[in-house]
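Subject: A structure for you to look at

Hello! I am handing over the structure we talked about, and you will find it just below. Have a look around first, then read on.

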Amino acid sequence: MNSHTPKAALLLVEDDRLVLSTMAAGLRHAGYQVDCAESAEQAEAWLATGARPDLAILDVRMQGQGGLALAERLSQLDHIPFVMLSAYGEAAMVEQATRSGALAYLVKPQDVQQMLPVIESALARASELDGLRRSQRQLQTALDTERSVNVATGIVMMEYKLSRTAAFNLLRDAARRQRRKLTEVADEVVNARNLLSLGAKNLPTASK
């Protein structure tokens, strides 16, 4: 077995024990960390412990819950990348696997050496997709932050009859004095205004 640090952590889900052990041994020899499950339910239990592989290799047809159902969960809930493995090469099965988010589709029997380029390609693509998701989250955070600060600045402008620059500087200086993030102070200003507005709506109407 290779003595170098394992290249990636793989989850191999296959209900044929002989295929499972053979593939696992080959992939470990190639330098990967490999965890095995003999069913989708066993894989679910393993994932429930908080374990997260870099890539899952899923058999499409298994007893009980099939690989495609597990693939849906990995894609939608955990964003765990996966490739599908099956003895069947029907176009409809390939299309369904692709729709579920599979990064590749392997047809058994598959020699481990032939699998390695596919696995490495899938890992590279998964890394790209993860980078895109992180960028989207960062962009959304930046947009939310800007929106919160802009709303709070507008409230301070109206409350103290200040220019936008002066109102922003007032918020920024308050954050610095309190050694807090500007967004935290801005959120408090917005929340306070919302509470006041809600309270005003609940006041009894003066009789004429």
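Here is what was found in it, going from the whole chain to single residues.

Please keep in mind that this is a predicted model.

**The whole chain**

The chain has 208 residues, and 36% of them count as buried. Its secondary structure comes to seven helices and five strands. If you follow the sequence from start to end, you will meet them in the pattern β-α-β-α-β-α-β-α-β-α-α-α. Among contacts with a separation of 6 or more, 58% join residues that are 24 or more positions apart. On the outside, the chain exposes about 12,700 Å², and carbon and sulfur atoms supply 53% of that.

**Inside: two nonpolar cores**

Which residues have the most contacts inside the largest nonpolar core? That core has 22 residues, and the answer is Leu-10, Leu-12, Leu-27, Tyr-32, Leu-55, Ile-57 and Ile-119. Two or more residues each come from β1 (9–13), α1 (17–29), β3, β4 (82–86) and α5. Helix α5 gives the largest share, six residues.

Leu-10 is a good place to start looking. Beyond its neighbours within four places in sequence, Leu-10 is in contact with several residues, including Leu-27, Tyr-32, Leu-55, Ile-57 and Ile-119.

Apart from this core lies another one, of 20 residues, with Leu-58, Leu-68, Phe-82 and Tyr-105 among them. Leu-58 sits in strand β3 (residues 55–59). Is Leu-58 buried or exposed? Its relative accessible area is 0%, so Leu-58 is buried. Not counting residues up to four places away in sequence, Leu-58 touches Val-13, Gly-67, Leu-70, Ala-71, Leu-74, Phe-82, Val-83, Met-84 and Leu-85. You can also try finding Asp-15: it is 43 residues from Leu-58 along the chain, and their C-alpha atoms are separated by 9.8 Å.

**Helix α5 and its partners**

Helix α5 spans residues 112–160, and Ser-148 is part of it. With a relative accessible area of 13%, Ser-148 is buried, because the cut-off for buried is under 20%. The side chain of Ser-148 makes a polar contact with the side chain of Asp-187, at 2.5 Å. Leaving aside neighbours within four places in sequence, Ser-148 is also in contact with Thr-183, Ala-186 and Val-190.

Another link starts from Glu-159, whose side chain meets that of Arg-193 in a salt bridge (3.1 Å, N to O). Glu-159 lies in α5 and Arg-193 in helix α7 (residues 182–201), so this pair ties together parts that are 34 residues apart in sequence. Both are partly exposed: Glu-159 has a relative accessible area of 49%, and Arg-193 has 25%.

**More salt bridges, and a surface patch**

How many salt bridges does a search of the whole structure find? There are five. One of them joins the side chains of Arg-172 and Asp-173 (3.7 Å, N to O). Another pairs Arg-180 with Glu-184 (3.5 Å, N to O), and these two are linked with Glu-188 in a network of salt bridges. Arg-180 is partly exposed at 28% relative accessibility, and Glu-184 is partly exposed at 36%.

Finally, look at the surface for Tyr-160, Leu-162 and Leu-170. These three form a nonpolar patch with about 280 Å² of accessible area together. Leu-162 lies in the loop between α5 and α6 (164–178), and its relative accessible area of 30% makes it partly exposed.

Enjoy exploring!

Note on methods:
Residues are numbered from 1 along each chain as its sequence is written. This is a predicted model: local features need pLDDT of at least 70, side-chain atom pairs count only at pLDDT 80 or more; totals for chains, interfaces and linings use all residues. Side-chain values use heavy atoms; hydrogens and water are left out. Helices (H or I, at least four residues) and strands (E, at least two) are DSSP runs, numbered from the N terminus. Buried means under 20% relative accessible area, exposed over 50%, partly exposed in between (1.4 Å probe, protein chains only). A polar contact is a pair of N or O atoms within 3.5 Å; within protein, one must be able to donate a hydrogen and the other to accept it, and residues adjacent in sequence count only if both atoms are side-chain atoms. Contact means heavy atoms within 4.5 Å. Accessible areas come from the Shrake-Rupley method with a 1.4 Å probe; for residues, only the protein chains shown count as cover. Patches are made of residues with over 30% relative accessible area and no salt bridge: like charges are joined within 9 Å, nonpolar side chains (Val, Leu, Ile, Met, Phe, Trp, Tyr) within 5 Å. A salt bridge is a side-chain nitrogen of Lys or Arg within 4 Å of a carboxyl oxygen of Asp or Glu. A nonpolar core is a set of buried Ala, Val, Leu, Ile, Met, Phe, Trp, Tyr and Cys residues joined through side-chain atoms within 4.5 Å.
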